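Thank you for sending this entry for comment. Please read the points below alongside the sequence and the coordinates.

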Amino acid sequence: MPDLAQRVRAAARRARASARAVELVEPFVPPCDHAARARVIRRMDEALDVARRTAPGLEIRVGGPIELPRPRRTP
């Protein structure tokens, strides 16, 4: 993602300005897709590095993908 660093920098600055943590959430990748998993790991490493350099001392949370329940159909 070419703008990943820019987006993480902006999020880290907003988090620091509001005295909050920045949270990085990994996208869902099937466990058997090793190449995609490697790309996600590299992007998360890059995002962590950018956040740490942009706002030293800021709390950074890293989470896995969140699956939201599907909406119920009404009869």
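The notes that follow go from the whole chain to a single loop residue.

1. The model is a predicted one, and its protein chain contains two helices and two strands, which follow one another from the N terminus in the order α-β-α-β.

2. On overall dimensions, the radius of gyration of the protein chain is 15 Å, whereas a compact globule of 75 residues would be expected near 11 Å. Along the principal axes, the C-alpha atoms occupy a box of roughly 50 × 35 × 20 Å.

3. As to burial and surface, 25% of the 75 residues in the protein chain are buried, and the chain exposes about 6100 Å², of which carbon and sulfur atoms contribute 53%. When contacts between residues at least 6 apart in sequence are considered, 65% of them link residues at least 24 apart.

4. Concerning charge, the protein chain carries 16 positive and 9 negative charges, and the mean positions of the two sets lie 5 Å apart.

5. Proline 27 deserves a separate look: this residue sits in the loop that connects β1 (22–25) with α2 (34–54). Its relative accessibility is 38%, and proline 27 is therefore classed as partly exposed, since that class lies between the 20% limit for buried and the 50% limit for exposed residues.

6. Once neighbours within four places in sequence are set aside, the contacts of proline 27 are with Val40, Arg43 and Pro65. The C-alpha atom of proline 27 is also 9.4 Å from that of glycine 63, although 36 residues separate the two along the chain.

Note on methods. Residues are numbered from 1 along each chain as its sequence is written. This is a predicted model: local features need pLDDT of at least 70, side-chain atom pairs count only at pLDDT 80 or more; totals for chains, interfaces and linings use all residues. Side-chain values use heavy atoms; hydrogens and water are left out. Helices (H or I, at least four residues) and strands (E, at least two) are DSSP runs, numbered from the N terminus. The radius of gyration is taken over C-alpha atoms; the globule rule is 2.2 Å times the number of residues to the power 0.38. Buried means under 20% relative accessible area, exposed over 50%, partly exposed in between (1.4 Å probe, protein chains only). Contact means heavy atoms within 4.5 Å. Accessible areas come from the Shrake-Rupley method with a 1.4 Å probe; for residues, only the protein chains shown count as cover. Lys and Arg count as positive and Asp and Glu as negative; His and the chain ends are not counted. The place of a charge is taken as NZ of Lys, CZ of Arg, CG of Asp or CD of Glu.
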